[in-house]
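Work through the exercises below with the structure at hand. Each task is followed by a solution in steps.

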Amino acid sequence: MDADAEYVLQHVSRLARLQLSDEERQKFAKQIRDVLDLFNKVASANVEGEPAYHCIEAENGLRPDKPVKFDWDPLANAKHVEGKYIKSPKIV
Amino acid sequence: MQAAYAPFISVAESIRFEITPQSLLPGVPVAVKDNICTKGMRTTAGSKILENYVPPFDATVVEKAKKEGAGIVGKTAMDEFGFGTFSTNCAFGVPKNPLDPERSCGGSSGGSAGAVAAFKLPIVSIAESTGGSITCPAAFTGTVGITPTYGLVSRWGLVDYANSLDKIGTIGKSVYDAALLLSVIAGYDEKDATSLRTQNTDYTAFAKPDGKKLRVGLPKEYFSSAVDSGIVKEVEMLADRLNSLGFELEQVSLPSTELAIPTYYIISMSEASTNLAKFSGLRYGLQLEFDEKQNIEEYFTKVRTEGFGEEAKRRIILGTFTRMAGYKDRYYLKALKIRKRIINEFKQAFAKVDVLLAPAMPILPPKFSEIEKLEPAQVYMMDILTVAPNMAGMPTVALPIGRINGLPVSVQVIADHLQEGKAIQMASIIEGLNGR
């Protein structure tokens, strides 16, 4: 499973938008290998049937589609605000 | 108490109680886990990425507690986003166990349990569990923790860890205290799409033993060699005592327990890795300066890299992996199938018995010096007794039954979905045996 651990560290961390320091990379290598060993017990288990995305049967909890007023400011914690907009770094 | 045991990340500067003659919690101090939003009061979820976050609203559970005359005394220390078993992964100090400050309060709701154990006041805590974060700290501090059925308590205003697993619950000094707070915070909330349409229930009515003899199941996998033999012995002694009092006891089997830990961690990390994408550095939380040259990708990466702690990074990376194209079937989907099997095994057990009785944690509260030596995979193994009921969304009450060398030994009483009444009733009977 060594290849997988290496792949996870190098490739997946980039996809996950995390930049690991050399120190983190070194420390995580064995830890991730150990956890993957644990996860491989699931991968190698013989199990059929339906997946349980939820643990309890419940009806769809959508609320009525009508406008509701916020009694709080959704931008209260935004730092880079211009008027009623949030300023972001360039997208393209 | 804060200086000695550090249960809080933030302490209220002043407390306002709105009391009426009908209030259920008149003047009661309530500690709130720091991943539950409190209006005007910093809410960090134990993470640097939310260091300065002050919510402009109260979570539904906080609003409900305040409406019943309670006052929020502080926000309790926790593992970052709930990622831990000992509350040592907190960016703002580690809570110490009031029974022995060299030992952990457990996690991830460590501060919530620590605050209840530390103060000689009728204090209660609003806590939260994803895979055992109420049972574990309740067990390590000798307090009572109720993890309700998934969906019984609104999650609106909770900083989510894993949406299909998170449950807000309560910790108190007695079964009655924890049940009273649950009665206040439970109930349907249209703001939470997963909220169950239940009737308001007074759970304290179940905290008075009425002589009814419940059928008790003992899941054999929860008494294995992975559990400290002293703890097993205490729980077996309790079972014998119940038997001699006329309770019907039956051994049951939950065979998928052996896969519960990797199954739980695959599901919870998969969900956490998508959940934490909301910390984009734009609307709230850590927001860095940027210039015209920087693009959103670089900015997003920088915010996450600076804001998340070590365990959060590990879980994001692993959770991204387990749900990636090419790996999803092997890990995430398979784990969901095992979860289904786990739920079915619980349902089969509850066709025969009213409640399950088992040790709450496999170890006594460890010393911080022992915790330091553990690797992440070893820490995950500590959740062997709690992840399965949590994955199945079954209500659980954890309570102390004795001491070994001065350290608390606790059991968990597990019931079927929405049968918290039975779990509270059984817990109350056990509490009564210990002289309360």
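The model is predicted.

**Exercise 1. Describe the boundary between domain 1 and domain 2 of chain B.**

Solution.

Step 1. Start with polar pairing: 14 residue pairs are in polar contact between domain 1 of chain B and domain 2 of chain B, both residues being at pLDDT 80 or more. On the side of domain 1 of chain B that touches domain 2 of chain B, α12 (376-380) and α13 (387-392) of chain B each contribute at least two residues. The most comes from α13(B), with three residues. Sorted by class, that side of domain 1 of chain B, where it touches domain 2 of chain B, holds 16 nonpolar, eight polar and four charged residues.

Step 2. Look for salt bridges. With a cut-off of 4 Å between a side-chain nitrogen of Lys or Arg and a carboxyl oxygen of Asp or Glu, zero are found across the interface of domain 1 of chain B and domain 2 of chain B.

Step 3. Locate the parts in the sequence. Domain 1 of chain B takes in 2-212 + 358-433, and domain 2 covers 258-336. Over C-alpha atoms, the centres of domain 1 of chain B and domain 2 of chain B are 25 Å apart.

Step 4. Give the extent of the boundary. Contact involves 28 residues of domain 1 of chain B and 27 residues of domain 2 of chain B. About 2300 Å² is buried between domain 1 of chain B and domain 2 of chain B, and carbon and sulfur atoms give 66% of that area.

**Exercise 2. Describe the interface between chain A and chain B, including its salt bridges.**

Solution.

Step 1. Count the residues: 61 residues of chain A are in contact with 73 residues of chain B. The two chains, A and B, bury about 6000 Å² between them, with 67% on carbon and sulfur atoms.

Step 2. Count the charged pairs. Over all chains the rule gives 21 salt bridges, and the count between chain A and chain B is four. One of these joins A:Lys79 to B:Glu289, with the closest N and O atoms 3.1 Å apart.

Step 3. Take another pair. The side chains of A:Lys27 and B:Glu310 form a salt bridge at 2.8 Å, N to O. This pair crosses between chains: A:Lys27 is in helix α2 of chain A, and B:Glu310 is in helix α9 (residues 310-322) of chain B.

Step 4. Add the polar contacts, which come to 23 residue pairs between chain A and chain B, both residues at pLDDT 80 or more. On the side of chain A that touches chain B, α1 (2-15) and α2 (22-43) of chain A each supply at least two residues. The most is given by α2(A), with 14 residues. By class, the side of chain A that touches chain B has 32 nonpolar, 14 polar and 15 charged residues.

**Exercise 3. Find where confidence is lowest and highest in chain A.**

Solution.

Step 1. Take the chain as a whole: the average pLDDT of chain A is 90, and 97% of the residues score at least 70.

Step 2. Go through the elements. Within chain A, the lowest confidence is in α1(A), with a mean of 83, and the highest is in strand β1 (residues 81-82) of chain A, at 96.

**Exercise 4. Place B:Ser108 and A:Arg17 in their loops, and give the backbone feature of each.**

Solution.

Step 1. B:Ser108 is in the loop between β5 (100-104) and α3 (110-118) of chain B. The peptide bond joining B:Gly107 and B:Ser108 is cis, with omega about 0 degrees.

Step 2. A:Arg17 is in the loop between α1 and α2 of chain A. Although A:Arg17 is not a glycine, its phi is positive, about 55 degrees.

How values were computed. Residues numbered from 1 in each chain as written. Chains lettered and ligands numbered in written order. Heavy atoms only, no water. Domains from an automatic or database assignment. Contact = heavy atoms within 4.5 Å. Buried area = accessible area lost by both parts, 1.4 Å probe. Polar contact = N/O pair within 3.5 Å; in protein donor to acceptor, adjacent residues only side chain to side chain. Helix = DSSP H or I, 4+ residues; strand = E, 2+ residues; numbered from the N terminus. Nonpolar A, V, L, I, M, F, W, Y, C, P; charged D, E, K, R; others polar. pLDDT = per-residue confidence, 0-100.
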